[in-house]
Amino acid sequence: MTERAQRITKTSAFVVILLLVLALPWILRGTVKAAPYWTHVFVLIGVFTLMTSSMRAIFRTGEVSLGTAGFMLVGGYAAAILSIRLGLSPWLTMLLGGLLSAAIGGLLAYPFFRVKGVYFSITTLLLGFVFLYLAGWMDWLTGGWQGLQFFNITPELTIGSLNVAFTTKTNIEYYYLVVVVVGICLFVLYRMERSRVGLVWKSISEADHLAQSVGVNVMGHKIFVFTVACFFTGLAGGLYAFHVHALSPTSTPANVFHFFTSVYCLMYMVVGGVNSFYGPLVGTTLFMLLREWGRSVSEYWPLVMGSILILIVFFMPKGLVGLPGYSRIWYEKLRGFLRRRALSSE
Amino acid sequence: MKKRSLAILLALMLVLGLGSVWMVACGEDEETTTTAAPTTTAGPTTTGGGPQTTAAPTTATTAAGETKELVIGGIAFLTGPGAAGGMAAKTGWELAAAKINDAGGLKIGNDTYMVKLLVEDDAMSVDQASTAAQKLIQQDGATFIMGPLVDAFKNVIYPICAQNGVMLADVDTKNASAAIKYEGNTDVSPDRPLHARFHWANDEMMPYLFDYLQENYPDAKKIAVCGVTEACTVALYDWLGTTLPARGLERVGALEQMAPDTADYVPPVTRLLSAKPDAILVAVSTPQTWGQVTKAARDLGFNGPVMCSTHMGVEFALMIAEGAKDVFGAGIAMADLAGLPPAMQEAHEAYVAKGYPAQDEIADVYLVGYNGLWVLLQAIEKAQSVDPQEVYDFYQTLTNPGDLQTLWGDGAYVGGLQSTGVNAVLCEPYWINGVGADGVQKNLKQVFIDVP
Amino acid sequence: MALLEVRGLTKIFGGLTAVGDLSFDVNEGEIVGIIGPNGAGKSTVFNMVCGTLKPTAGTIKFRGKNITGLAPHKIAKKGIARVFQGNVLFPASTVLDNVVMGAHLHTQLDLFGFLFGGRRARRKEEAVRARAMEILELVGLADDADTLASDLPHGNQRHLCLAVALAVEPKLLLLDEPVTGMNAEEVSEMLDLIRMLREKTGLTLIVIEHNMKAVMGLCDRIVVISYGVKIAEGLPQEIANNPAVIEAYLGVEDDAA
C-alpha cells in the first residue's frame, strides 16, 4: 500500500527477473538437453526485444514505424561489410552500423514526419522495402542477392590473459554479450521514458497541437526519438549479424529483413502491451518462445499469431502486462455470475 | 489494492519465467529419442513424464539385438513462395525413410535401426536455418543432417554440424562444384570434414548437356548464358569462357543475371538474343527461370534450343512456356516413366499412392530428395555404424562402380578426389529430359556423371 | 508601443480568402475580444498568431519583434500561449502532469542527467511540480491533481486548459471560446477567474467568444470581423450599437442574446 512497500516489491521483482536472465544459460543447462539451441533462441529474443522496444519508443510519440526491419538491415549490413572489407573489429562496426542507421534515420525523419498516422507507417514500410532491394541490387557493396557470409569474424574480448570469443559453440558467451548490450540500451530507453523527454513524447502523442502551443518542438522531438530508435535498431542488426554470420536480402517473407519482421515486432508490442515499458519484453519473449515451441506447425504460425492478436485486442486491450488486472476483473465477474446463478436457482 | 496487484504481477512473472523453462523442457520431451545423442543431458528427464511413454514401443528388446532409432534431420523451405519445392523434397525424404522402415529398418550389427526423419523449416532465412539445425542436432539428437536446399545456407549449417560432430549430407543439386572458384563456394573440401555430397553439381552436368547439343544440333555453336543472380553464376560464366571453346563451341554475349523475383523476363532475354546466339544456357535456375526464359525467347522469335543445367522436370518449364520445342535440361520427365529403372518406378508408385498426381511438375525434386536419403542410408548400412564420423569415412571408400544404388540406375560410386580434394561426391547416372522437334516430353538420354 | 501588432494579415486557402488585410493592436494588460459570425476567420487569426498556419501576407509583431511565420513552439517561447477551442488537453495524463507538461519551457532537457536521475535534475523537477500545484490552486483544481484529465467534468476541464496555458507563463494568452457550452453559473465563475488572473499577473488576453454577454462584460476592446475582414473596432458599447455589426452578426445570431 505504501510507496515504500511498492518500491520494495518492484525492486525485488526486478532483482528476481535480472537473476533469472543472468542465470538462464545455467538453468537451461540443468533442465534441457539442447541448452545451446535454446540459448540461441534467447539470443534472438534479446535482439528482437531491442527492436520492439525501439519501435515502442517511436510509438510513444504516437507514430507506428514499420521500417524496423529496414534499419536492422542497414545496421547489420554496415557492420558486416565494414568488418569484411576493412577488417575492423566487430565491436566497432556494430557501433558504426548503429550510427549509420541512426544517421539515415535522422536524415529521413524530417520528410517522414511531415505526414502522420497511417501515412507515416506506409512511408516507413516502403523504406524497409527500399533497403531490402538496395541490398539486393548493390552487389558491388553488399554481395547482391547471394548475401554475405563471414563465419570467421566473431567479436573477441581479451581481459588480461582471458580471451573470450563469442562463437556459436555454446552460444553462452554471445548470450551474455546480448544481455549486456540490450540491457544497456533498454536502460537508456527506460530512463528516457521516465524522464522529461518521455513526458514530452507522451504529450506529443496525446495532443500534438497543444504540445506545440506550450513550446514543445514536436518535429525536433520526433526526429530525435526516431534517430535514437534507429540507432538501437541498427545495433540490434549488428548483434544479429555477428550471431548468425550470414545476411541475405532474399525477398521471401521469412527473411529477417523482410517487412514481416516489422509486423512481428508490432505484434509483439501490441500483445505485450503498448502502454508499458515491459510490454515489448513480455510480448517478444513469450511469442518467440511460443513460435519456437510450435515449430512443427510453422505453416500455421501466421494464423495462430493473428488469432492471438485478435483475442488480445478484444479481451485485453492493455496487453499481456495487464493480465493481473484483467484476471482480477474476470474473477470478480465469474464470482458475480456464480452468485447470481445461485440466487436464481434458490 | 495496488500492493496486491504488484504482488500478483510478481507472482505472474515468476510463473511465466518458470513456465517458459517448462515449455522448453516439454518441447524437448515431446520428441524424446533413444538414439545416442551427441549432446550431453545434464538433468534427468523427469520434467513432464507424459510424452515419454509414447516413445517406449520402439525400445522393445528382441533376441537378436535391440531396435533403436536413428534420427536424421532434414532442413528445407517449407513455408514461403518456394515452399512447393521444399515440401516436395520433404515428401521424397519421407518416402525413402518409409521404404527402409517398411523393410524392417537398417540392420547394423545385432541391432535394428528404425529411421526417424524430422524435417524443419528454414523459411529461406539464415537465422531460421541456423535455429533449425541447432534444434535438430541438440534437441532431437539428429546425427545426420540433410539439406538445406539453398546453397548459401549450407555454409550457415555446416559449422553447426561440424561443431556437434554431425554429418552434413548434401542431397540436392549444387549450383557449382569446388572446381568453380568463387568466394562462398559451398562444396565439399578437405577442410570441411563430415560434409559429403550425394548429388552432382551444375558444372559437372553441363558437359553432358553440351554433348547432347552437339549430337542433336550440330549447327548450334554460339551459346548465350543466363542464370539466377548469384556469385556462383558469375563464376560459372567465367568458367564457360574456357570450357566452351575447348569443345568447339563459343560463349557469346554478356551474362544475364535475373533476380529470383524478376517479373519481366523480356528485357534480359532481349539482351541475350542481341548477341545472336544459336542456343541459350540457363546455368543456374529457380523453378521459374528456365520456363520464363524459354517463353520470352520464343515470344521474341528465337527458335534455337534452350537448355538448363539445374535439375528440373521439363513439365515445369513447359507449364510456363506452353508449346515450346527444342527445350532440354537435366531432369526426369514423369510423362515418360516407362523406360526408367524399377527402383524409380517403385518410388513413384509410393508417391502416387500418397495422393500426388502421377505427372507432377515438381516430381523431379522429390526424386532427388528420395535418392539422396536412400543413398545415405545405404552408406550407413554398409558402414555398419551410426556414428557420423565412421559413416563419413566409410562413404569415402565406396569407390567401386556399383557400390551404391540410385533411383536413376546402377553403377553409382563415390568419387571427386581430384576435383574437390576429397573423395565424397556421388557419381551416378542421370537423365536429360526435354522436348525435341516433335513436341513430346520425354527422357532424351541417360548419362553417367563421373566426377574425377 | 502595442504588445501585439497585426498588420495586413491575410490568409488565402486555395481561392478562398479566410482572412483579408486584417490589422489590429493589442496593448499590454488589455483584454481584447475578437467576434464575428461562424466562419468569419477568427480561429484562422489565432492559428496565424500562434504559428500553426503561415500567413499568405502581412506581419505580426510581438513586443516589437516580427514573429510572422515562426514555428508554434518558437512563438510559445516568445511568450504567447493559447487555449484551444473545445477541451484540448493531454487526456490520458493526470491533472498535475498536464500542467507540468505545460511548463515544458521552464524545464531543462538534460541529455545525460536523465540517464542517471541526478539530484540536481530531480530537484528541478520537484520545483516544476510545486509551481504546477500553485497554478492548480489558482484555478481551483488542486484537489484533483491526481485525477486523469479525461475524468474531469466539462467545466473543470476548461479550467485545466487554462492552467496548462498559464504554466507556459505567457505575456499574451489567446482564449478560443472559453465559456462556450457552459451554464450561467460556470460562465460567471470562468469570467471571474480570467479577471482575477489579469489582476494578479498582469496578463494580456485575446478572447474569441460567441457568448455576447460574456464578451461585452469581459473585454476592454472588441474587434469584429466578418468574412475575414475587419468591420468594426471599439469599446463594447460602441460595438453593440454599430449598425454594420448588428447587420453582420448580432442580428442573425441567435446565441447573441
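These are my notebook entries on a predicted model, taken chain by chain.

**Entry 1: how the chains meet**

I began with the contacts between chains, and found that of the 2 pairs of chains in contact, chains A and B share the most contacts. Chain B and chain C are joined by no contact, and their closest C-alpha atoms lie 15 Å apart. I then turned to where chain C meets chain A, a contact that takes 25 residues from chain C and 20 residues from chain A. On the chain C side, the elements that give two or more residues are α2 (72–78), β6 (80–83), α3 (95–102) and α4 (113–116), and of these α2(C) gives the most, with 4 residues.

**Entry 2: chain A, helix α2 and T68**

I checked the length of helix α2 of chain A, residues 35–59, and its 25 residues reach 35 Å from the first C-alpha to the last, close to the 36 Å expected at 1.5 Å a residue. Is this helix enclosed by the rest of the structure or left open? I noted that 25 of the 25 residues of α2(A) are buried, so the helix is largely enclosed by the rest of the structure.

Next I looked up T68(A), which lies in helix α3 of chain A, residues 68–86. T68(A) has 30 other C-beta atoms within 10 Å, and since a residue counts as buried from 20 upward, T68(A) is buried. Leaving aside neighbours within four places in sequence, I listed the contacts of T68(A) as M51(A), M55(A), T233(A), T261(A), S262(A) and C265(A). I also took the separation between T68(A) and P90(A), which stand 22 residues apart along the chain and have their C-alpha atoms separated by 22 Å.

**Entry 3: helices of chain B**

I made the length check on helix α2 of chain B, residues 83–102, whose 20 residues should span 28 Å at 1.5 Å a residue; the end C-alpha atoms are 28 Å apart, which agrees. Just after α2(B), G104(B) takes a positive phi of about 100 degrees.

For helix packing I looked up two pairs. Helix α7 (residues 266–273) and helix α8 (residues 289–299) of chain B have axes that come within 9 Å and cross at roughly 65 degrees, and α7(B) passes α8(B) in a right-handed crossing. In this pair V266(B), V269(B) and L273(B) of α7(B) meet V293(B), A296(B) and A297(B) of α8(B). I recalled that an α-helix has 3.6 residues a turn, so residues three or four places apart point the same way.

Helix α10 (residues 342–353) and helix α11 (residues 363–383) of chain B pack at an angle of about 115 degrees, with their axes 11 Å apart, and α10(B) passes α11(B) in a right-handed crossing. The contact is made by M344(B), A347(B) and Y351(B) of α10(B) together with A363(B), Y366(B), L367(B) and Y370(B) of α11(B).

**Entry 4: strands of chain B**

I followed the strand pairing from β10 (residues 306–308) to β11 (residues 327–330) of chain B, which run parallel and are joined by 3 bridges; M307(B) has F328(B) in β11(B) as its bridge partner. Between these strands the chain crosses through helix α9, residues 314–320, and this β-α-β crossover is right-handed. β11(B) is also joined by 4 bridges to β14 (residues 425–435), running antiparallel, and there G329(B) has N433(B) as its bridge partner. β14(B) in turn runs antiparallel to β15 (residues 441–449), with 8 bridges, among them one pairing P429(B) with F448(B). β14(B) and β15(B) form a hairpin with 5 residues between them, and G439(B) in the turn has a positive phi of about 80 degrees.

**Entry 5: the sheets of chain C**

I looked up an open sheet of 4 strands in the order β2-β1-β4-β5, with antiparallel pairing. Why is one side of β2(C) and of β5(C) left without a neighbour in the sheet? Both stand at the edges, each with a single partner strand, so that side stays unpaired in the sheet. Within this sheet, β1 (residues 4–13) and β4 (residues 57–62) of chain C pair over 5 bridges, and R7(C) stands opposite T59(C).

Another open sheet of chain C has 6 strands in the order β6-β7-β8-β3-β9-β10, with mixed pairing. The edge strands are β6 and β10 (229–234), and the twist averages 20 degrees from one strand to the next. Helix α1 (residues 42–50) of chain C packs on the sheet, its direction making about 150 degrees with that of β7(C).

Note on methods. Residues numbered from 1 in each chain as written. Chains lettered and ligands numbered in written order. Predicted model: local features only at pLDDT ≥ 70, side-chain atom pairs only at ≥ 80, totals over all residues. Expected span 1.5 Å × (residues − 1). Buried ≥ 20, exposed ≤ 12 C-beta atoms within 10 Å, placed from the backbone. Contact = placed C-beta atoms within 7 Å. Pairing = 2+ DSSP bridges. Right-handed = clockwise from strand over helix to strand, strands pointing away. Axes fitted to C-alpha atoms, helices over the stretch in contact; angles between N-to-C directions. Left-handed = near helix turned anticlockwise from the far one by under 90°.
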